[in-house]
Amino acid sequence: MMPMEVEVKLHVYDVTNSGSDKTNSTILQINKIFKDGIGLGGIFHSAVQVYGDDEWSFGFCEQGTGVFSCPSQRNPMYTYRECIVLGKTNCSILKVNQILRELSREWPGNSYDLLAKNCNHFCDEFCEKLGVQKLPGWVNRFANAGDAAMEVAGNTALRLRQAKTEIVSASKVAYQFIARVANNTTSASDSESPENSSRGTSSRFQGTWFKNLITNGAKPSSSSEIENQDEGASRLQQQHDDKSPLWQNSQSRYDM
């Protein structure tokens, strides 16, 4: 015997519970333009009806589950818009009750988030468990777009912090390298013989150049010096040869 299939309906409302007639009117106008006019989306509440006359949805509350039911098409907080048939489920009424008990535990009211975990996300998961198609994209498009934007912003901020840390670390490595070269060059110039005075003069000049480079601010001590890099770079370029390979390597690290 084939299991009985039951129709699953999605009820969509315009969100008009702001408490302000002007705001509610604006939301209705937004939904009219962006959904009815160009089919993009809007600001909507949704609920799922399966077995019986009640619809099921999710909302915020401080304690307990956020899953609740009310008579279909009659949620008093919103303005009813339309009904969409999402298909038929072969889940028995016992199975549907089991699914709702599980969702009630997994969706506490204090976990509600306007962009990341709202009534439309709940209906999507409920429909998936019922084995029918998910909500049309326009129902939750605005929330999904907002959540994606928040994620991009968060990731961008994280990448900037990581880049700043890497710049500081790289500049410290560059300084240590320059310091070692300066010390080695100075040591070599001190050991020069009298007969090689011209070569010794060159080595001493290079050692002095490296010491001056370090003295004039090449050593980074904290991330705050990154903010003054342009001013420091200008002073160093005026004092030293900006075509030196070591200077180019050091500056390229600052400019990452």
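Residues are termed buried under 20% relative accessible area, exposed over 50%, and partly exposed in between. In the predicted model examined here, Ala-116 has a relative accessible area of 40% and is therefore partly exposed. Ala-116 is located in the loop between α2 and α3. Its C-alpha atom lies 7.3 Å from that of Ala-143, although the two residues are 27 positions apart along the chain.

Two further partly exposed residues are notable for their backbone conformation. Most residues other than glycine have a negative phi. Tyr-51, which is not a glycine, nevertheless has a positive phi of about 60 degrees. This residue is placed in the loop between β2 and β3, and the hairpin formed by these strands has 4 residues between them. With a relative accessible area of 21%, Tyr-51 counts as partly exposed because its value falls between the limits of 20% and 50%. Gln-73, likewise a residue other than glycine, has a positive phi near 70 degrees. Gln-73 belongs to the loop between β4 (67-71) and β5, and its relative accessible area of 41% makes it partly exposed.

Strand β2 is mostly covered, with 6 of its 6 residues buried. In a regular strand the side chains alternate between the two faces of the sheet. In β2, Phe-44, Ser-46 and Val-48 are buried on one side, and His-45, Ala-47 and Gln-49 are buried on the other, so that both faces are covered. On the side of β1, pairing is antiparallel and comprises 6 bridges, with Leu-10 standing opposite Val-48 of β2. β2 is also joined to β3 (residues 54-58), again in antiparallel fashion, by 2 bridges. In this second pairing, Gln-49 stands opposite Glu-55 of β3.

The largest nonpolar core contains 26 residues, of which Leu-10, Val-48, Val-50, Val-96, Phe-122, Phe-126 and Leu-130 touch the most other members. At least two core residues are supplied by each of β1 (6-14), β2, β5 (79-89), α2 (93-106), α3 and α4. Helix α3 provides the largest share, 5 residues. Beyond its neighbours up to four places away in sequence, Val-48 touches Val-8, Lys-9, Leu-10, Asp-54, Glu-55, Trp-56, Cys-123, Phe-126, Cys-127 and Leu-130.

Phe-126 is part of helix α3 and, at 0% relative accessibility, is classed as buried because this value is under 20%. When neighbours within four places in sequence are left aside, its contacts are Val-48, Val-50, Trp-56, Val-96, Ile-99, Leu-100 and Leu-103. Of these contacts, Trp-56 is 70 residues away along the chain, yet the C-alpha atoms of Phe-126 and Trp-56 are separated by 9.1 Å.

The largest pocket encloses about 380 Å³ of space. Its lining consists of 21 residues, among which Val-15, Phe-44, Tyr-112, Leu-114 and Asn-118 are the closest to the centre. Two or more lining residues are given by each of β2 (44-49), α3 (119-130) and α4 (137-190). The greatest contribution, 4 residues, is made by α4. By class, the lining comprises 15 nonpolar and 6 polar residues, with no charged residues.

Definitions and conventions:
Residues numbered from 1 in each chain as written. Predicted model: local features only at pLDDT ≥ 70, side-chain atom pairs only at ≥ 80, totals over all residues. Heavy atoms only, no water. 1 Å grid on protein atoms, 1.4 Å probe; cavity = no way out; pocket = protein on both sides within 12 Å on 5 of 7 lines; lining within 4 Å. Points joined across faces, edges and corners; volume = space filled by probe spheres on them. Nonpolar A, V, L, I, M, F, W, Y, C, P; charged D, E, K, R; others polar. Buried < 20%, exposed > 50% of the residue type's maximum accessible area, 1.4 Å probe, protein only. Contact = heavy atoms within 4.5 Å. Core = buried A, V, L, I, M, F, W, Y, C linked by side-chain atoms within 4.5 Å. Pairing = 2+ DSSP bridges.
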